[in-house]
Each structure stands twice: as C-alpha cells, then as structure tokens.
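Welcome! Here is a short briefing to help you find your way around this structure. Take a look at the view below, then read on.

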Amino acid sequence: MSESEEKGAAAPPRPRFYGRRSGKALRRNALDLLGGLLPQLAIAVPGPELRIEPSALFASPPDQVWLEVGFGGGEHLADLAEANPRIGLIGCEVFRNGIASLLGHVQSRGLDNIRIFPDDVRQLLPALPDGSLGRVFVLFPDPWPKTRHAYRRFICPDNLDVLARVLMDGGELRVASDDPIYAAWAARHLAEHAGFEKVHATTRRESLPLDWPQTRYEQKCLAQRAPTFFLYRRRPRVV
Ligand SMILES: C[S@@+](CC[C@H](N)C(=O)[O-])C[C@H]1O[C@@H](n2cnc3c(N)ncnc32)[C@H](O)[C@@H]1O
C-alpha cells in the first residue's frame, strides 16, 4: 500500500510510471530535512476541483515557472535554480531519498526558488492552468524497455497532451534518455504530437543550449552509451 493510500488520500494514478519510492535507510540529517524543510516547500496534492497558480507558490512572482518531472537526486533542478534566481522551479519526485537529496541542495546552496511536489506528477498537472509553464524537463525517465511494460513509459500521447496544455506558446520540453528503445519511442511520440515542434534531437551534447546541466543519471550512464537529447518547443496555439 502506498503512503497516500495509507493516509486515506486519493490513490495515485495508474499505471505507475516509476519504480521504488524509497531506498536505503536515510541518515539523521536527511530525515530532519524531510521532517522540517520539506513541509515548508511542499505543494499539497490538489483536490479534483482545485486550481494551482504556479507563480503564487513563490515568495515573489517569478518571471516564469519551470517544472522537472522525476528530478532524481535534484542536482539538475538545483543547478537551474541557482543559475536562474528569477525563475520559479517546481520539482516532482516520488523517491524519498531523492527528495532528501534535493532538500540538501536547497539548504546548502540557500535556494529560495524551488517548490517540491513529493508525489506522482500526474496528480499535480491537472491543477495547473493552460500555458502556465515556461519549460518542462523529463530527463532519463524510467525506461521500461520491455514491450509488455511500454504502457508505463512517461512520454506517451496522453502525457504529451497534458504537457502541451500546461506549456506556454514557445515553451520548451526537454527530454533525454540513454535507453535506445526509449529514445526511439520518445522520438516517435514527440514527432507525432501536433502541439510540439522539434528544435533538437541529438546525441551530440555540444549542440544543446549551454543552460542544460547534467543530471546525476546522465553522469552515471555516460561511460556506457551516449544519451539522446530532445528539445521540443510548444507550437503557438491557433486562436
Ligand atoms: C531514472 S530516474 C532519473 C532521475 C533524474 N532525472 C536523473 O536524470 O538523474 C527517473 C526518476 O523519475 C521518477 N519518476 C518517475 N515517474 C514519476 C512520476 N510520475 N512523478 C514523479 N516522479 C517520477 C522516479 O522516481 C525516478 O527517480
């Protein structure tokens, strides 16, 4: 039974796109961050009718709000937050150890422009208004390479529909994968979606914008194989 089910909250969406929700036992400092800092930064699971205005989540209204799906250890999100103090960053992650790791970055770097949704991003997305995000990052999502698990892959038509809705015109969707099956799958679904136009689909990291920090997963996988990076832009809406 998941944590939210235990608390009697709405069950998380199915199918599950993620693997485990917790890993090795956390140290005292990590537990203190989860108990003390997380409640200050956490976005609560919205009810079915609730709308969340993302810029209102931050102490002063940011120029834009960006969202990272599955931030892992949070290095990429923290790097973005540090480099872009006028941007509000929302990070979504279900893995407790990863959330604790991001909180460590927030504390040690003194970041005040990060908010955390510590649950399945699909519970947050319906509450976000149309065109309310400037960028969305889906970096090294769980690959689910077996064909029988393909329905668990995050990049899929339904999720792309939602991301196209919440991104502003011209907003960026950045995706990466080191799994050849997933990269081919993502390439196909991104290319077929009418809401997005391709800017880059490349294994050449040097051709990417300079403001694309590495994630922890990217650093780990580099020795084995070159990831594919996708940069797509939200097509302007036709009114
Ligand atoms: C392979 S890891 C990559 C982490 C990080 N992006 C990196 O590159 O280092 C994928 C992460 O996505 C998270 N994840 C998968 N589906 C998710 C969802 N629906 N909502 C929030 N997090 C999710 C998993 O818990 C996992 O930590």
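**Getting your bearings**

The protein chain has nine helices and seven strands as its secondary structure. With a radius of gyration of 17 Å, close to the 18 Å that the globule rule gives for 239 residues, the protein chain is as compact as a globular protein of that length. Please keep in mind that this is a predicted model.

**Overall dimensions**

- Along the principal axes, the C-alpha atoms of the protein chain fill a box of roughly 45 × 45 × 35 Å.

**The sheet**

- If you follow the strands across the open sheet, you meet the seven of them in the order S3-S2-S1-S4-S5-S7-S6, with mixed pairing.
- At the edges stand strand S3 (114-117) and strand S6 (196-202); each has a single partner strand, so one side of each is left without a neighbour in the sheet.
- From one strand to the next, the twist averages 15°.
- As a bit of background, strands of a sheet pair through backbone hydrogen bonds, and they can do this in a parallel or an antiparallel way.
- Strand S2 (residues 87-92) pairs with S3 in the parallel sense, over four bridges.
- To spot this part of the sheet, look for leucine 89, which stands opposite isoleucine 114 in S3.

**Helices packed on the sheet**

- Helix H7 (residues 157-166) packs on the sheet and touches strand S4 (133-139), strand S5 (167-177), S6 and strand S7 (228-234).
- The direction of H7 makes about 140° with that of S5.
- Helix H8 (residues 180-192) also packs on the sheet, where it touches S5 and S7.
- The direction of H8 makes about 15° with that of S7.

**Around the ligand**

- There are 17 residues around the ligand, and those that come nearest are Gly70, Glu93, Leu139, Thr215 and Tyr217.
- Glycine 70 takes part through its backbone: one of its backbone N or O atoms lies 2.8 Å from a nitrogen atom of the ligand.
- Aspartate 120 offers an N or O atom of its side chain, 2.9 Å from a nitrogen atom of the ligand.
- For threonine 215, a polar side-chain atom lies 2.6 Å from an oxygen atom of the ligand.
- How much of the ligand does the protein bury? Taken alone, the ligand exposes 590 Å², and the protein buries 91% of that.

How values were computed: Residues are numbered from 1 along each chain as its sequence is written. This is a predicted model: local features need pLDDT of at least 70, side-chain atom pairs count only at pLDDT 80 or more; totals for chains, interfaces and linings use all residues. Side-chain values use heavy atoms; hydrogens and water are left out. Two strands pair if DSSP finds at least two bridges between them. Helices (H or I, at least four residues) and strands (E, at least two) are DSSP runs, numbered from the N terminus. Axes are lines fitted to C-alpha atoms, for helices over the stretch in contact, and angles run from 0 to 180 degrees between N-to-C directions. Contact means heavy atoms within 4.5 Å. A residue is near a molecule or strand if one of its heavy atoms lies within 4 Å of it. A polar contact is a pair of N or O atoms within 3.5 Å; within protein, one must be able to donate a hydrogen and the other to accept it, and residues adjacent in sequence count only if both atoms are side-chain atoms. Accessible areas come from the Shrake-Rupley method with a 1.4 Å probe; for residues, only the protein chains shown count as cover. The radius of gyration is taken over C-alpha atoms; the globule rule is 2.2 Å times the number of residues to the power 0.38.
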